[in-house]
Amino acid sequence: MLKIDKSLKDSLIADCITNLTWEYDLITGETNTAEGVINSLGYSRFDIKENISFWTSLVHPDDIENLSKAFNKVIEGKSDYFSAQYRIKTKYNGYKWIKSEGKALKNNENKTIYLAGFHINITTAKQAEGSEQKYETLFNNVNDIIFLSSVNEDGTPGKFLEVNNMATTLLGYSKNEFLNMFSDAIYADKEYSKTYLLFCKEVLHDKKKGLNGNYYNFEVNLLKKDGTILPVEINTNIFELDGKVVNLCVMRDISERIKVETKLRAITKRNKEIVEHFPLGVVIYEEGIITYVNKLGLKLIGAKSTEEVLNRPMLDFVVPPYREISIERQILIESGYNVDCAEMDLYRVDGNIFIGEVYSAPMASKNNFLGISYIRDITEQKKMIEENKNLLEQIIEYDRLKTEFFSNISHELRTPLNILITSIQLLNSIYNNSKGDLNSFIEAFEKYIDIMKQNCYRLLKLINNIIDLTRLDSGFLQMNFENHNIVEVVENITLSVVDYTKNKGIDLIFDTNVEEKIICCDDDKIERIILNLLSNAIKYTKSNGTIEVIVKDLDNNVQISVKDTGCGIPDKKLGVIFERFRQVDEVLTRRAEGSGIGLSLVKALVEAHNGSIEVHSTVGVGSEFIILLPNILVKNTETYHNPLDNIDDEDQLKKKVERVNIEFSDIYH
Ligand code: ADP
């Protein structure tokens, strides 16, 4: 370096800056400003006033305080040097940043009386400093975490280079702590760091292609300094900065979003559960195609899995007569209108039909309306209503029959009673008029005693039947099961009515395909059954007719049939004659006497044997009553009762004849 004299050097520098100097007389307030300064602000000499008030009026209001402080320091003698940066108003372009440097001159009393110095235009520098500050403000005030970290040559993470304030606030580390940490230390999930590392490696591997545009977005949990978790959404980019590979991460706190999402997910799950377990079948459809069906819906339709139902047209499950109304409802619903609840026949997947009560409503979707239907299976309910209706009808019918029965019974009771009274009156008057000659009385007595006896039997039969039916109804009819030869029981009782058939000119035939068949039965009840059937056959068969009683052994059953060539029973009445109080002819038009309870008692007694009875009949040709009794024996009984044993006994025989007389009391000799 050339060695030159200091005074020469100073004069050279002074020459350069003379154009930028200023002076200020603190006593008078006068100023003296170099042309260069005035011009650099766009003014001319004529625009300015050389005093401190003028210059102060040009200073930016925000900088006045700073400037005053700088002056005061010198005026108060705290420093000899003056230095200040401030903005000063230019003539045309707003404010310019000026840096003023000066030195004070003091009088003998050590009071500052004069300042002189120079101005430098520092606007450009200030602007640069401003934008840097602006970026820093932005960097630190942004609501997201921002990290800048280095990336090693092999793709492994380097240390943090820059972190913003939000990073320190949210993660709890200080800036310094961050700058000493490796950038992968903040991730809670180590697995995640691996995928991220892979990304970095791939980017570096492809470095030749250029590093720009390597963005990576993902959601991850960060580990805060206090050990808690912060879920964030990361946008990251790897690029070259000043020749180094760096990684810029912008992370957004998504804990609120996750909370809302979790809540939403819980609500959605709960709603789904509610719909799944809804006590009605729920079906959702779009443009008539099923898109959802709940558990009960599947059960109603009889499907095992949703695949059997989903994506199928709703109409597939609607029975044809209901399809038209179903389409109308669907159009209304998918247009956003409500419809009334409807009942319709629906198909199950196996083709069976059930009655569904369907409530449907529109359900708003993104751009349109979906249809939601709640379905209840009311088949059973409907059946019950129908059954109740039938039951009610039966009760009404039963009541009607009861009324009819009572009028019938009254007739049945009155007729034999009238005959009895008339016979007694007649005998009485014959006796009174006999005047000691009893011959005519004895003649009349012999004639009427039989009529009286027969009518007493009629009354007894009626009362017996009523008592037995009542006992059967209340479960008190005693069944006396023993092993008997059924062929003999039936044959004996058949033969015991021969007198009656002969009397009426009817041929009575007994036939069997087996001589002896021992089964478990109550012989008294079998007698009642056969006598009842025979008395009907005789009642409804004219003379010259035939009555056949046939016993057949059919392996599992014993069949007893009572067949006549009588008047027969009309088809429509065949189904009701076994019902209580039923007679084919109405009370006033009857061809024969009877109360209409005989066959119902017969049926009940056959069923008490676990047997069955049916009738085949043709009007004008005749009727056949067929009884099937199970071919079983009473256990632990070695002997069986022979009905003939009973008949040996004189008393028993009398009783038996009496029973026949009672059962046949409504048949006139
Ligand atoms: P009833 O005491 O009136 O004979 P039943 O219960 O024994 O009552 O019979 C019911 C009805 O069935 C009779 O009133 C009669 O109309 C009809 N019926 C029963 N047996 C015969 C038969 N063998 N032939 C024609 N009709 C019969």
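This passage describes the overall dimensions, the nonpolar cores and one buried glutamate of a predicted model.

The protein chain has 669 residues, and its secondary structure comes to 20 helices and 22 strands. The C-alpha trace spans about 200 × 60 × 50 Å along its principal axes. The radius of gyration is 62 Å, whereas a compact globule of 669 residues would have a value near 26 Å. Of the residues in the chain, 39% count as buried. The exposed surface amounts to about 39,300 Å², of which carbon and sulfur atoms supply 53%. Among contacts with a separation of 6 or more, 58% are between residues 24 or more positions apart.

In soluble globular proteins, nonpolar side chains tend to be buried together. The largest nonpolar core in the model holds 50 residues, and the members that touch the most others are I486, V490, V497, I526, I529, L534 and F625. Helix 16, which covers residues 523-539, gives the most to this core, with 8 residues. A second, separate core has 28 residues, including I186, Y187, L230 and V245. Within the largest core, V497 is one of the members with the most contacts to others. Leaving aside residues up to four places away in sequence, V497 touches L508, L531, L534, I538, V660 and F664.

E357 lies in strand 14, formed by residues 353-364. With a relative accessible area of 12%, under the 20% cut-off, E357 counts as buried. The side chain of E357 makes a polar contact of 2.7 Å with that of R376 and another, of 3.0 Å, with that of Y359. Beyond four places in sequence, E357 touches C341, A342, E343, Y374, I375, R376 and I378.

Key. Residues numbered from 1 in each chain as written. Predicted model: local features only at pLDDT ≥ 70, side-chain atom pairs only at ≥ 80, totals over all residues. Heavy atoms only, no water. Helix = DSSP H or I, 4+ residues; strand = E, 2+ residues; numbered from the N terminus. Buried < 20%, exposed > 50% of the residue type's maximum accessible area, 1.4 Å probe, protein only. Polar contact = N/O pair within 3.5 Å; in protein donor to acceptor, adjacent residues only side chain to side chain. Contact = heavy atoms within 4.5 Å. Core = buried A, V, L, I, M, F, W, Y, C linked by side-chain atoms within 4.5 Å. Rg over C-alpha atoms; globule rule 2.2 N^0.38 Å. Areas by Shrake-Rupley, 256 points an atom, 1.4 Å probe, with all protein chains shown as cover.
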